[in-house]
Amino acid sequence: MQEKTKKCNDCGVEQSVENFYKSKPNECKSCASKFNKKYYKANKERWLINYQLNREELNEKSRLRYHNVVKVKKAKTNPKTNNI
Ligand SMILES: [Zn+2]
């Protein structure tokens, strides 16, 4: 039985069809995973930038929230201080 081979559009290597994903019939598995890694890396960098921006915003919000909580707690535990 002859093994079926296919040529990868990306690296141009002719190899067994087993090295191709059905969802990506034009590139071999190693090229597909290379692309995935590149895509993942690009996404991760974008995600990190967003995360840092969000974190600064979140820090500001949580700090404000924390101060509000502390104020409320103090007001509850020391009700007399409000009268002075
Ligand atoms: Zn390839």
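A residue counts as buried if 20 or more other C-beta atoms lie within 10 Å of its own, as exposed if 12 or fewer do, and as partly exposed in between. By this criterion, 4% of the 84 residues of the protein are buried. The model is a predicted one.

**Overall architecture**

The protein contains 1 helix and 2 strands, and from the N terminus these elements follow the order β-β-α. The radius of gyration is 29 Å, well over the 12 Å given by the globule rule for 84 residues, so the protein is more spread out than a compact globule. Its C-alpha trace spans about 95 × 25 × 10 Å along the principal axes. Of the contacts between residues at least 6 apart in sequence, 0% join residues at least 24 apart.

**Two residues of helix 1**

Helix 1 comprises residues 29-77 and includes Lys34; Ala32 also lies in helix 1. Lys34 has 14 C-beta neighbours inside 10 Å and therefore counts as partly exposed. Ala32 is likewise partly exposed, because 18 other C-beta atoms lie within 10 Å. When residues up to four places away in sequence are left aside, Ala32 touches Tyr21, Lys24 and Glu27.

The table gives C-alpha separations for two residue pairs, one starting from Ala32 and the other from Lys34.

| Residue pair | Separation along the chain | C-alpha separation |
|---|---|---|
| Ala32 and Ala42 | 10 residues | 15 Å |
| Lys34 and Glu45 | 11 residues | 17 Å |

How values were computed
Residues numbered from 1 in each chain as written. Predicted model: local features only at pLDDT ≥ 70, side-chain atom pairs only at ≥ 80, totals over all residues. Helix = DSSP H or I, 4+ residues; strand = E, 2+ residues; numbered from the N terminus. Rg over C-alpha atoms; globule rule 2.2 N^0.38 Å. Contact = placed C-beta atoms within 7 Å.
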